[in-house]
Amino acid sequence: MRIEYDVKLDFRDVLIRPKRSVLKTRAEVLLEREFQFKHTQTTWQGVPIIASNMDHTGTLEMAKVLAEHHLLTALDKFIPLEDWQRFTKQHPHTQTHCFISLGIADADFAKLDEILQITDLNFICLDVANGYTERFVSCLEHLREKYPKKVIMAGNVVTGEMVEELILSGADIVKIGIGPGSVCTTREKTGVGYPQLSAIIECADAAHGLGGQVCADGGCTTPGDVAKAFAAGADFVMLGGMLAGHDECLGDIVEENGKKFKRFYGMSSSEAMQRYHGTVADYRASEGRSVNVPYHGPVKNTILDILGGLRSTCTYVGAHRLKELSKRTTFIRVAQQLNEIFVSYNVDKK
């Protein structure tokens, strides 16, 4: 046993220090980025925000709307093949903004093969809760060997040395985050995790040294957190809870005490495992919670709010492009960042 005494930081522990700017308006800020990926040498251009591959947010309806704003969607791995066929025919251009998601079971690889017979999508997301196992690395190496021209995002991990191993094993993008998600209980059940801001800073440094990218996955609760993730060095930011509860999300609208909600749960929760596997295996614990989130209407409004906040951040530090944000950022440690006197009041945040 050993202890690291350096303080690790989360989004709530810092603010971004403002700097002089020559920007006249937020409209001058360019949020689109262009990336060239290490293993394929292909390029992609767009706003590097990704809807999480949870079944609630990683939907085909979500992908249609996000593509209109040049954002990405990591599609849920449980989408039926017939839905893939219909989506491919009806929305061929939307597909350039989608990841196919899979786990490391044999059935996942078989379904991936079937999906790629339907669509020629260029992005694959190899997704597990624990990216530190030898089996996961072996699956990544196999995936890279089998699909040398596909852009592969793999995770999740939170330390620089594992980021380096995954990039060297075939990942173009490494997904960062263990336990920060709004419906994730990994830290409660296992005691394992890493504060998300420090994880992004350290992992981005490791990835960029090898020509790879990182995707910050989890922990963002406000547009300001999204900005902090990019400012910390994240190339992509994946959102689940912030995009939950919208029309484009899975699930019916339910009404309680005159208020509308939608069901949202972690993909390692008992509810998810019962839904897709019929049971919670005896050898494991549920590591996700289930909640009713307020119904928010069309996701377009939330996307515009996030993008507007991100543009505003850039103007505060003089970054003309999102790419410049991390270079223009100085974080300051804070004991408190928000005035919450009216939080308990019925205030319309929009």
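**View 1. Asn156 in strand 8 follows a cis peptide bond.** Asn156 belongs to strand 8, residues 151-157. The model is predicted. The peptide bond from Gly155 to Asn156 is cis. Its omega lies near 20°. Most peptide bonds are trans. Asn156 also appears in the contact list of Ile176, the subject of the next view.

**View 2. Ile176 of strand 9 is a buried residue.** Ile176 sits in strand 9. Its relative accessibility is 0%, so Ile176 counts as buried. The cut-off for that class is under 20% relative accessible area. Which residues touch Ile176, once neighbours within four places in sequence are set aside? Asn156, Val157, Val158 and Val163 are among them. So are Gln196, Ala199, Ile200 and Cys203. Val214, Cys215, Ala216 and Asp217 complete the list. His93 is not part of this close-up: its C-alpha is 28 Å from that of Ile176, with the two positions 83 residues apart in sequence.

**View 3. Helix 7 spans residues 196-209 and holds several contacts of Ile176.** Helix 7 has 14 residues. From first C-alpha to last, helix 7 reaches 20 Å. That is close to the 20 Å expected at 1.5 Å a residue. Buried residues of helix 7 include Gln196, Ala199, Ile200 and Cys203. Those four residues are also in contact with Ile176. Leu197, Ser198, Ala204, Ala206 and Ala207 are buried as well. After helix 7 comes Gly211, with a positive phi near 85°.

**View 4. Val183 lies in the loop between strand 9 and helix 6.** The loop runs between strand 9 (173-176) and helix 6 (186-190). Is Val183 buried or exposed? Val183 counts as buried, because its relative accessibility is 7%. His246 is 63 residues away along the chain. The C-alpha atoms of Val183 and His246 are separated by 16 Å.

**View 5. Helix 3 and helix 4 are roughly parallel.** Two packed helices are described by the angle between their axes and the distance between the axes. Helix 3 covers residues 106-118, and helix 4 covers residues 134-146. Their axes come within 13 Å. They cross at roughly 20°. The two helices are therefore roughly parallel to each other. The crossing is right-handed. Helix 3 brings Phe109, Leu112 and Asp113 to the contact. Helix 4 brings Cys139, His142, Leu143 and Lys146. By class, the contact has four nonpolar, one polar and two charged residues.

**View 6. Helix 1 and helix 10 pack at an oblique angle.** The angle between helix 1 and helix 10 is about 45°. Their axes are 10 Å apart. The pair is therefore classed as oblique. Helix 1 passes helix 10 in a right-handed crossing. Which residues meet here? Met62, Val65 and Leu66 come from helix 1. Val299, Lys300 and Ile303 come from helix 10. The contact divides into five nonpolar, no polar and one charged residue.

**View 7. Helix 10 spans residues 299-317 and has buried residues covered by several elements.** Helix 10 has 19 residues, so at 1.5 Å a residue it should span 27 Å. The end C-alpha atoms are 28 Å apart, which agrees. Val299 and Ile303, already placed in the contact with helix 1, are buried. Thr302, Ile306, Leu307 and Leu310 are buried too. Toward the end of the list come Ser312, Thr313, Cys314, Thr315 and Val317. The cover over these buried residues includes helix 1 (60-68), helix 8 (223-231) and helix 11 (325-328). It also includes strand 1 (14-16), strand 4 (49-51) and strand 11 (236-239). Just after helix 10, Gly318 takes a positive phi of about 80°.

**View 8. His70 and Asn257 each have a positive phi.** Most residues other than glycine have a negative phi. Phi of His70 is near 65°. His70 is placed in the loop between helix 1 and strand 5 (72-75). His70 counts as partly exposed, because its relative accessibility is 35%. Phi of Asn257 is near 50°. Asn257 is in the loop between strand 12 (253-256) and strand 13 (259-265). With a relative accessible area of 84%, Asn257 is exposed.

Definitions and conventions:
Residues are numbered from 1 along each chain as its sequence is written. This is a predicted model: local features need pLDDT of at least 70, side-chain atom pairs count only at pLDDT 80 or more; totals for chains, interfaces and linings use all residues. Side-chain values use heavy atoms; hydrogens and water are left out. Axes are lines fitted to C-alpha atoms, for helices over the stretch in contact, and angles run from 0 to 180 degrees between N-to-C directions. Helices (H or I, at least four residues) and strands (E, at least two) are DSSP runs, numbered from the N terminus. Angles under 35 degrees count as roughly parallel, over 145 as roughly antiparallel, 65 to 115 as roughly perpendicular and the rest as oblique. A crossing is left-handed if the near helix is turned anticlockwise from the far one by less than a right angle, and right-handed if clockwise. Contact means heavy atoms within 4.5 Å. Ala, Val, Leu, Ile, Met, Phe, Trp, Tyr, Cys and Pro count as nonpolar, Asp, Glu, Lys and Arg as charged, and the others, Gly among them, as polar. The expected span of a helix is 1.5 Å times one less than its number of residues. Buried means under 20% relative accessible area, exposed over 50%, partly exposed in between (1.4 Å probe, protein chains only).
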